[in-house]
Amino acid sequence: MEKSKTSQILSEKEHLFNRLLIEGLIVGILAGIVAIIYRLMLSQAESFLFNCISYIKTHSTYIILWFAFLVVLAFFISKCLEYEPYISGSGIPQVEAEVEGKIDQCWYKVLLTKMIGGTLCILGGLSLGREGPSIQLGAMVGKAVSKFLNRIKSEERFLLTCGASAGLAAAFNAPLAGIMFALEEIHKNFSMAALVSVMGASIAGDFISRIVFGMSPSLHFVINESMPLHLYLWVIIVGVIAGLCGIVYNKVTVKVLEIYDGISFLKKSQKVIIPLLFAGVLGLFLPNVLAGGHVLVEYLNSNQVVLSMLFVYLIMKFLFSTLSFGSGAPGGIFFPLLILGSLIGAIVGKIAIMCGVSDSLFFNFIIISMAAFFASIVRAPLTGIILIAEMCGTLKMLLPIALGSFVAYLLANKLNCEPIYESLLARLVPKNQSEYYIEQKELITFNVEIGSVVERTMVKDVPLPKPCLFVSVVRGDKELIPRGDTELHVGDNVIILVDKTYYSKAKNELVKLFQSQ
């Protein structure tokens, strides 16, 4: 293909920065609109669900009809999964795989079926979130813009990341978390082009969302005072407990996926009927554990929180969330895991209050635990810290949130627990699967970090993978043509040409060279 030639790729790079800023804003606006529509659809589905359950509880003759309705929902969800298998689960591993060049999703099929399938899942009461799907939907908007503008694959990756960032920002009203998650978890690169374009997209997506949903934070927990320093031992305790629970969550989730794999009498797309039938039973006896978890947020904000019920809600929400997600239903784990984290924090908070801690600090425990639980499971602590602070609308808790997240993150690392999205990505894309690339070469950008292998190293001495070639070194406002004796300094922006056939392997090796050791 003509546009695959190295000369064109280098020509495209010259105007990439300014173009990405504009395209990022466009993707952010469109992705924000899609995320808003999806959020409204799920909100209406959740309201309908709980209205139906309330009605059935007083009209028991309709119970059979309700279960029949759940079977019908399972049929339509399975058809969505058959039509587009990539809508299964949260969608975040799919976005990561596409950014790495391992899969090629059909953007319009994903947009259509993810929104329909995800809404039907919430209508049936499955414990799934909107945030992961919003990330996938946003990324598909970015891909659509890329296809419409006929961009090369390297630029498409930026637009996928922009859309993912805007999707999360619009879903949570958390633009900074959208930026951090997209760069930390999906793009795995903090180059200036990525940072500027993703910032523009995330801010645009959040702005559009706030026009519709207002300025209120996504989660409302009133913090009257910050955690006193003499109680920071409790912060460490929360971090340890949330970290251990996060490890259990990851292992149980993967185990449930394996159990579902062993069910042979149902097709892969039909297994969603299992959690839907459980949802029917839970709706009659414990409806608060259904759907994403907004009802539990209201419960925690009430004055009727009982320690024994917190344990019941935690166990049942935990089991039902893994059962829902493991079935392959189109929905995420993002919000349910935050709800689980809040329940863990509420339990520790109640025990702390029984030990003499002021009851005015109850919500402090909840917020710390949410961030710590997220850090343990996803292994993206910076995103978790920023996300919880933005969602709760306060920076009073920044230090204890950071400490709790650090403890949970460190514990999960020391116990060698694989991050959940890495586990899911490995299931989605087997290690022996080759990339789908059509174009032959691509530019990739790295920053030289403090303590990296290449710091103060001459270009000729950098052990580049074989299918890679130095193209440019940007130092401040100057662009250097790399020669053998060009020495790399901290902060340099290095542009490397990569043979796409070896893109994933080469990128992994380059990360080890340019990132801090």
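# Briefing: buried helices, two cores and one cavity

At 67% relative accessibility, N416 counts as exposed. That residue sits in the loop between α17 (398-414) and α18 (420-428). Its phi is positive, about 55°, although N416 is not a glycine. The model is predicted. The chain has 517 residues, and 58% of them count as buried. It holds 19 helices and 4 strands. Among contacts with a separation of 6 or more, 82% join residues 24 or more positions apart.

**Nonpolar cores**

- In soluble globular proteins, nonpolar side chains tend to be buried together.
- The largest nonpolar core here has 131 residues.
- Within this core, the residues with the most contacts are F181, F334, F365, V378 and Y421.
- Helix α15 (residues 362-378) contributes the most to this core, giving 13 residues.
- A second, separate core has 17 residues, including F470, V473, I496 and A506.
- F365 is in contact with M227, W234, V238, G345, V348, G349, A352 and V357, leaving aside its neighbours within four places in sequence.

**Helix α15**

- How many of the 17 residues of α15 are buried? The count is 17 of the 17, so the helix is largely enclosed by the rest of the structure.
- The length of α15 fits a regular rise: at 1.5 Å a residue, its 17 residues should span 24 Å, and the end C-alpha atoms are 25 Å apart, which agrees.
- Just after α15, R379 takes a positive phi of about 65°.

**Helix α5**

- Helix α5 (residues 107-123) also has 17 residues, with an expected span of 24 Å at 1.5 Å a residue. Its end C-alpha atoms are 24 Å apart, which agrees.
- α5 is mostly covered, with 12 of its 17 residues buried.
- The buried residues in α5 are V110, L111, T113, K114, M115, G117, G118, T119, L120, C121, I122 and L123.
- G125, just after α5, takes a positive phi of about 95°.

**Helix α4**

- Helix α4 (residues 92-99) is mostly covered: 8 of its 8 residues are buried.
- The buried residues of α4 include the charged pair E96 and E98, along with I92, P93, Q94, V95, A97 and V99.
- Just after α4 comes G101, with a positive phi of about 80°.

**G246 in helix α10**

- G246 lies in helix α10 (residues 232-261).
- Is G246 buried or exposed? Its relative accessible area is 0%, so G246 is buried.
- Not counting residues up to four places away in sequence, G246 touches F373, S376 and I377.
- G246 and C417 are 171 residues apart in sequence, yet their C-alpha atoms are 9.2 Å apart in space.

**Cavity**

- Rolling a probe the size of a water molecule over the atoms shows where empty space is left.
- The structure holds 1 cavity of 30 Å³ or more.
- The largest cavity has a volume of about 40 Å³.
- Which residues line the largest cavity? The lining is made up of I53, I56, K57, W66, G280, G283 and L284.
- Two helices, α2 (16-58) and α11 (273-285), each supply at least two residues of this lining.
- By type, the lining residues divide into 4 nonpolar, 2 polar and 1 charged.

**Positive phi in loops**

- Most residues other than glycine have a negative phi, and most peptide bonds are trans.
- R456 has a positive phi of about 60° although it is not a glycine.
- R456 is found in the loop between β1 (441-447) and β2 (468-475).
- Is R456 buried or exposed? Its relative accessibility is 55%, so R456 counts as exposed. The cut-off for exposed is over 50%.
- N416, with its positive phi of about 55°, is not a glycine either. N416 is exposed too, at 67% relative accessibility.

Note on methods:
Residues are numbered from 1 along each chain as its sequence is written. This is a predicted model: local features need pLDDT of at least 70, side-chain atom pairs count only at pLDDT 80 or more; totals for chains, interfaces and linings use all residues. Side-chain values use heavy atoms; hydrogens and water are left out. On a 1 Å grid over the protein atoms alone, a cavity is a set of points where a 1.4 Å probe fits but cannot get out, and a pocket is an open set with protein on both sides within 12 Å along at least five of seven lines; lining residues have an atom within 4 Å of a point. Grid points are joined across faces, edges and corners, and a volume is the space filled by probe spheres set on the points. A nonpolar core is a set of buried Ala, Val, Leu, Ile, Met, Phe, Trp, Tyr and Cys residues joined through side-chain atoms within 4.5 Å. Buried means under 20% relative accessible area, exposed over 50%, partly exposed in between (1.4 Å probe, protein chains only). Contact means heavy atoms within 4.5 Å. The expected span of a helix is 1.5 Å times one less than its number of residues.
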